[in-house]
Amino acid sequence: MSEVNKQQVVDSVPQKGFFGHPKGLFTLFFTEFWERFSYYGMRAILVFYMYYEVSKGGLGFDEATALAIMSIYGSLVYMSGIIGGWLADRVFGSSQAIFYGGVLIMIGHIVLAIPNSVPLLFVSMGLIVLGTGLLKPNVSNVVGEMYAESDNRRDSGFSIFYMSINLGGFISPLIVGGLQTSYGFHWGFAMAAIGMFIGLVVFVLTKKKNLGLAGTVVGNPLSAEEKKKTIIIFAIGAVIIAIIVAIAIMMGWLTLKSFVTVVAILGVLIPICYFVTMYRSQKTTDVERSRLLAYIPLFIAAVMFWSIQEQTSTVLATYADKRTQLDFMGIHIAPAWFQSLNPLFIIALSPVFAAIWLKLGNRQPIIPRKFSLGLLFAGLSFLVILIPSYFGGENSLVSPLWLVLSYFIIVVGELFLSPVGLSATTKLAPAAFSAQTMSLWFLSNAAAQAINAIIVQFYSPETEMIYFGVIGGVSIALGVILFVMGPKIQSFMKGVL
């Protein structure tokens with residue numbers, strides 16, 4: 001274990017210099033901005049790339065297959081945070097994980113920019129999955145490292161950091177979508193690669209001066225003996241997986257349906273294993289165990305929320321493409337542009353929420369009740385879609401304003417839950433599992449999208465009323481339950497506010 005403690009890390013970071021926050025927030029803000037620019041730009045057009053006909057520059061997949069692949073892809077992107085968190089906690093620290101992750105992501109986008117190749121599509125997905133797993137949880141973890149546990153700027157800092165995600169997410173669909181419309185899909189993917197390259201440059205040039213020791217400390221390093229055992233286990237595991245995959249391919253067992261089922265099961269089992277491992281670890285104190293118990297209902301709530309929110313790139317993307325009137329007020333709307341609505345509203349509302357939490361101070365709602373409000377708004381965002389479907393029927397084109405309203409409502413819910421969840425994770429995490437607990441937070445998104453990979457296949461214009469109504473209703477019901485249980489859950493947090 002490194003002799004550098006958390007307070008020494010905090011003291012090494014210049015504490016003023018970026019809107020009253022630690023100077024390192026500048027570095028992480030713009031690193032995350034460009035990484036999200038690359039990811040959301042790619043994601044805005046990827047589902048269309050898969051199901052558009054070859055004559056339109058696509059790969060010609062059927063729509064249900066494209067939606068399922070998008071959900072599985074999103075699940076694996078967040079599931080890979082397990083690898084990134086473990087490597088940061090036990091091998092080389094968060095800072096190196098961020099750099100290596102950015103390099104893999106950039107290469108993945110370059111591969112995707114090579115035209116009309118199904119094999120290269122999946123190679124690209126693999127690279128981006130691994131790269132995002134290294135980069136994303138560790139950027140958020142380093143943000144938490146810059147603040148003392150009692151620093152009341154923390155939630156505000158995470159809200160500002162969260163705005164960087166959405167600045168990148170707002171700009172990229174407009175640029176990448178425009179390039180795709182004018183020049184083809186692969187120019188859009190190339191622009192995503194350029195965005196990640198810029199993010200790497202910002203990180204490398206500013207980290208030493210701005211971040212101090214943040215991100216450099218290996219929280220729970222492997223001993224020499226553990227390293228040998230780990231290499232052996234990984235090698236044996238890789239061989240076993242290769243054999244299983246080879247047999248599955250030869251026997252015809254490895255189909256999209258079976259793969260979706262396996263990922264959905266893993267999306268549920270892996271978080272359970274994580275909770276059990278951390279709870280039973282001798283390195284986890286009694287106070288930390290209590291905080292982990294409090295984290296479980298928050299995690300479940302996050303899974304429900306992300307299940308709805310992440311359908312903006314699958315079901316609602318298809319809804320925008322095929323069920324929405326795209327010629328509106330003399331303007332032809334590219335379907336990818338709707339992907340900019342979520343980050344646009346977050347950019348507008350994030351400063352408002354950050355200011356509200358600072359103003360309220362200790363009078364703000366407790367963490368579980370912030371989560372419950374997030375679920376209530378998420379459910380309402382789906383119920384809103386029922387209105388045009390009810391009055392117009394399954395064959396009509398609806399006004400784009402209904403999608404705008406739905407996106408606005410889900411953003412309000414997101415700002416109650418997501419930045420608060422990032423902050424709560426850094427506060428509730430056991431010291432020996434700090435980066436891995438952040439990976440666990442992102443597993444809530446992985447679990448949601450793994451479940452979505454099954455759910456989205458039931459969506460069609462004919463099932464819209466049932467589809468949006470059931471999912472929205474379940475979210476609202478869970479929100480009410482969480483609101484009522486909030487004080488009891490808070491008592492298990494042992495002083496964390």
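## What lines the largest cavity

Sort the residues around the largest cavity by class and you get 12 nonpolar, 9 polar and 4 charged ones. Keep in mind that this is a predicted model. The cavity itself has a volume of about 320 Å³. Its lining takes in 25 residues, and those closest to the centre are Tyr-40, Tyr-162, Ile-165, Gln-309 and Glu-414.

## Which helices build that wall

Six elements turn up here with two or more lining residues apiece: helix H2 (24-51), helix H6 (154-183), helix H10 (286-309), helix H12 (341-360), helix H14 (400-428) and helix H15 (434-455). Which of them gives the largest share of the lining? That would be H6, with 5 residues.

## The second largest cavity

Next comes the second largest cavity, with about 50 Å³ of space. Around it sit Tyr-39, Met-42, Arg-43, Met-70, Tyr-73, Gly-74, Ser-313 and Gln-449. By class, that works out to 4 nonpolar, 3 polar and 1 charged residues.

On the helix side, H2 and helix H3 (63-79) each put at least two residues into this lining. H2 is also among the elements that give two or more residues to the lining of the largest cavity, so to speak a familiar face.

## The overall tally

How many cavities of 30 Å³ or more are there? The count comes to 3, the two described above among them.

Definitions and conventions:
Residues are numbered from 1 along each chain as its sequence is written. This is a predicted model: local features need pLDDT of at least 70, side-chain atom pairs count only at pLDDT 80 or more; totals for chains, interfaces and linings use all residues. Side-chain values use heavy atoms; hydrogens and water are left out. On a 1 Å grid over the protein atoms alone, a cavity is a set of points where a 1.4 Å probe fits but cannot get out, and a pocket is an open set with protein on both sides within 12 Å along at least five of seven lines; lining residues have an atom within 4 Å of a point. Grid points are joined across faces, edges and corners, and a volume is the space filled by probe spheres set on the points. Helices (H or I, at least four residues) and strands (E, at least two) are DSSP runs, numbered from the N terminus. Ala, Val, Leu, Ile, Met, Phe, Trp, Tyr, Cys and Pro count as nonpolar, Asp, Glu, Lys and Arg as charged, and the others, Gly among them, as polar.
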